[in-house]
Amino acid sequence: RDSNSAEYGWAEDRSGAVEKALIHGERAVQLNDNLPFAHFALGRLKSRSFVDDKQGALDEFGKALELDPDYVDAYAFMAIVMVSIGEAEEGRKTIEEAFARNPAPPYWYYVPRGISNYYLGEYEAATEAMLAVLERNANSPHSLRTLIAAYGQLGDTDEAEWYTAEYESLGHTATVSAIMENTAIAYAPYREALAEGLRMAGLED
């Protein structure tokens with residue numbers, strides 16, 4: 001609850017909510033180190049931008065999977081963190097493992113599939129994955145951002161323009177600088193690749 005309050009802006013004291021969430025997460029692991037969900041929840045918290053302990057997140061997801069190799073959501077979130085730190089190839093392998101273990105995956109599994117393909121330069125595959133997200137959740141801003149950039153890389157400015165309008169209709173600012181402020185990608189070459197795609201899509205800096 002404290003983590004969600006911080007992420008969605010519900011908490012009056014965000015830093016206090018984050019601190020409480022970390023305390024509760026660490027305490028849960030201390031109380032039962034053999035509980036996969038406790039490690040997954042702590043990893044999810046550490047992966048969030050307002051904590052930004054990516055190695056800690058990977059360690060916790062890894063522990064959850066060590067305890068339960070079929071804890072599939074841990075693969076998906078681990079893949080997102082891997083891509084963020086510049087390991088798109090490993091991220092893609094990890095999310096494909098999630099798909100292999102879950103024959104009916106939730107829509108958000110397609111997000112790490114899409115971003116890993118984008119940063120590996122496989123833009124057609126990236127658009128397919130992000131469109132799969134949007135078919136199930138049309139209000140996914142991070143998917144729209146990557147989709148716009150992928151269409152830019154493909155030179156399909158008509159589709160890029162359409163999805164830029166969709167992005168703006170959700171109340172977001174469609175400029176390169178505004179989007180870069182909101183991306184979770186930390187690895188500098190990937191950040192530049194995203195900015196490049198957005199510029200190729202016709203977005204202003």
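Biologist: What makes you say that the side chains of Glu66 and Lys63 meet in a salt bridge?

Modeller: This is a predicted model, and in it the N to O separation for Glu66 and Lys63 is 3.7 Å. The cut-off is 4 Å between a Lys or Arg nitrogen and a carboxyl oxygen of Asp or Glu, so the pair qualifies. Being 3 residues apart in helix 4, the two are separated by about one helical turn.

Biologist: Why is Glu66 called exposed or buried?

Modeller: Exposed: the relative accessible area of Glu66 is 59%, and the label needs over 50%.

Biologist: And what about Lys63 and Asp33, how do you know that they meet?

Modeller: Their side chains come to 3.9 Å, N to O, and the limit is 4 Å, so that one is a salt bridge too. Lys63 sits in helix 4, while Asp33 is in the loop between helix 2 (14-31) and helix 3 (36-47), so the pair links distant parts of the chain, 30 residues apart.

Biologist: What makes Asp33 partly exposed?

Modeller: Its relative accessible area is 36%, which falls between the 20% and 50% marks. Put the two bridges together and you get a network of Asp33, Lys63 and Glu66. Overall, the structure holds 12 salt bridges.

Biologist: Which residue does Arg136 meet in a salt bridge?

Modeller: Glu135, at 3.8 Å from N to O. Arg136 comes out at 47% relative accessibility, which counts as partly exposed, whereas Glu135, with 67%, is exposed.

Biologist: Why does Glu60 have no salt bridge?

Modeller: Lys46 is the nearest side chain of opposite charge, and it is 4.2 Å away. With the cut-off at 4 Å, the pair therefore doesn't count. Glu60 is buried all the same. It belongs to helix 4 (residues 54-67) and touches Val29, His39, Leu42, Gly43 and Lys46, leaving out residues up to four places away in sequence.

Biologist: What makes helix 3 largely enclosed?

Modeller: Of its 12 residues, 9 are buried, so the rest of the structure largely encloses helix 3. Among them are His39, Leu42, Gly43 and Lys46.

Biologist: How do you know that the span of helix 3 agrees with what it should be?

Modeller: At 1.5 Å a residue, 12 residues should span 16 Å, and the end C-alpha atoms of helix 3 are 16 Å apart.

Biologist: Which residues of helix 10 are buried?

Modeller: Ala160, Tyr163, Thr164 and Tyr167. They cover an arc of only 115° around the axis, which puts them on the same side of helix 10. The face turned away from that side carries the exposed residues Asp158, Glu161, Trp162 and Ser169.

Biologist: What covers the buried residues of helix 10?

Modeller: The cover includes helix 8 (123-136), helix 9 (141-154) and helix 11 (176-182). Helix 10 itself runs over residues 157-169 and reaches 18 Å, close to the 18 Å expected. Just after helix 10, Gly171 has a positive phi of about 95°.

Biologist: Which residues have the most contacts inside the largest nonpolar core?

Modeller: Phe61, Tyr119, Leu198 and Leu203, in a core of 53 residues. Helix 5 (residues 72-84) supplies the largest share, 10 residues. Beyond its neighbours within four places in sequence, Phe61 is in contact with Phe40, Gly43, Arg44, Ala74, Phe77, Met78 and Val81.

Notes. Residues numbered from 1 in each chain as written. Predicted model: local features only at pLDDT ≥ 70, side-chain atom pairs only at ≥ 80, totals over all residues. Heavy atoms only, no water. Core = buried A, V, L, I, M, F, W, Y, C linked by side-chain atoms within 4.5 Å. Buried < 20%, exposed > 50% of the residue type's maximum accessible area, 1.4 Å probe, protein only. Helix = DSSP H or I, 4+ residues; strand = E, 2+ residues; numbered from the N terminus. Contact = heavy atoms within 4.5 Å. Expected span 1.5 Å × (residues − 1). Arc of directions from axis to C-beta. Lys, Arg positive; Asp, Glu negative; His and termini not counted.
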